[in-house]
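Okay, thanks everyone, let's get going. I'll put the structure up and then walk you through a few spots in it.

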Amino acid sequence: MNTHVITSAVIKYKNKYLIGKRAETKKSAPNQWEFISGFIDTKETAEEIILRELKEETSLKGKIVKSGSPYFVEDKEAHWVIIPFLIEVANSNFILNPADHSELKWVAKEELLDYKELRTDIQKLKDREFIL
């Protein structure tokens, strides 16, 4: 089983969090809900990658307000090393990039656990005090 290293953004606007449903055409985890993320596969820093991914996938600009220690997840596809960032944005006006997501939505903290694909990440993020 392969191991991949990715950055992940918990994007916050006021008291809501942005999640995306991965496009059906995605090789990894199609049609699954996720926090915005990106592979670490360039010479950019993890911080540069996640801010670039945020802009590419949502057209939002944000500010990193917290970074966390990496955590590990294993699924049927791979082992994942995830470097999380809490990013605040100044507005909620995203533009959907259909190459990445079929849907983006702002949800309240209490709604996050309704998305089963996010439950492992949410627990790891709560442990790091990203989602209180």
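Let me start with Asn97, which comes out as partly exposed, since its relative accessible area is 23% and the buried class stops under 20%. Bear in mind throughout that this is a predicted model. Where are we in the chain? Asn97 sits in the loop that runs between strand 7 and strand 8. And what does Asn97 touch, once you skip residues up to four places away in sequence? Glu56 and Glu57. On the backbone level, the C-alpha atoms of Asn97 and Glu56 are 7.4 Å apart, with the two positions 41 residues apart along the chain. The side chain of Asn97 also has a polar atom 3.0 Å from the backbone nitrogen of Ala99.

Those glutamates take us to helix 1, so to speak, residues 46-58. Its length checks out: 13 residues at 1.5 Å a residue should span 18 Å, and the end C-alpha atoms are indeed 18 Å apart. Which residues of helix 1 are buried? That's Ala46, Ile49, Ile50, Glu53, Leu54, Glu57 and Thr58. Look down the axis and those buried residues fall within an arc of 135°, so they line one face of the helix. Right after helix 1 comes Ser59, with a positive phi near 65°.

Now, what does Ser37 see of all this? Ser37 is in strand 4, and it counts as buried because its relative accessible area is 13%, under the 20% limit. Leaving out neighbours within four places in sequence, Ser37 is in contact with Ile50, Glu53 and Glu57, and also with Ile6, Thr7 and Ser8. Its side chain makes a polar contact of 3.2 Å with the side chain of Glu34.

On to the nonpolar cores. The largest one has 20 residues, and the members touching the most others are Val10, Ile19, Phe35, Leu112, Leu118, Leu125 and Ile131. Where does it draw from? Strand 1, strand 2, strand 6, strand 7 and helix 2 each put in at least two residues, and strand 7 gives the most, with three. Take Leu125 as an example: beyond its neighbours within four places in sequence, Leu125 is in contact with Val10, Phe35, Tyr71, Pro84, Phe130 and Ile131. Apart from that core there's another, with 15 residues, including Ile36, Ile50, Leu60 and Ile87.

Last topic, aromatics. How many aromatic pairs do we count? Three, and I'll show you two of them. One is Tyr13 with Trp106, a tilted pair, 6.0 Å centre to centre and 55° between the planes. That pair links distant parts of the chain, with Tyr13 in strand 1 and Trp106 in strand 8, 93 residues apart. Tyr13 and Trp106 are both buried. Then there's Phe39 with Trp80, also tilted, at 6.0 Å between centres and 45° between planes. Here Phe39 is in strand 4 and Trp80 in strand 7, 41 residues apart, so to speak another link between distant parts of the chain. Buried or exposed, this time? Trp80 is buried at 9% relative accessibility, whereas Phe39 is partly exposed, with a relative accessible area of 37%.

That's my tour, happy to go back to any of these spots.

Key. Residues numbered from 1 in each chain as written. Predicted model: local features only at pLDDT ≥ 70, side-chain atom pairs only at ≥ 80, totals over all residues. Heavy atoms only, no water. Phe/Tyr/Trp six-rings, centres within 6.5 Å; stacked < 30°, edge-to-face > 60°. Helix = DSSP H or I, 4+ residues; strand = E, 2+ residues; numbered from the N terminus. Buried < 20%, exposed > 50% of the residue type's maximum accessible area, 1.4 Å probe, protein only. Expected span 1.5 Å × (residues − 1). Arc of directions from axis to C-beta. Core = buried A, V, L, I, M, F, W, Y, C linked by side-chain atoms within 4.5 Å. Contact = heavy atoms within 4.5 Å. Polar contact = N/O pair within 3.5 Å; in protein donor to acceptor, adjacent residues only side chain to side chain.
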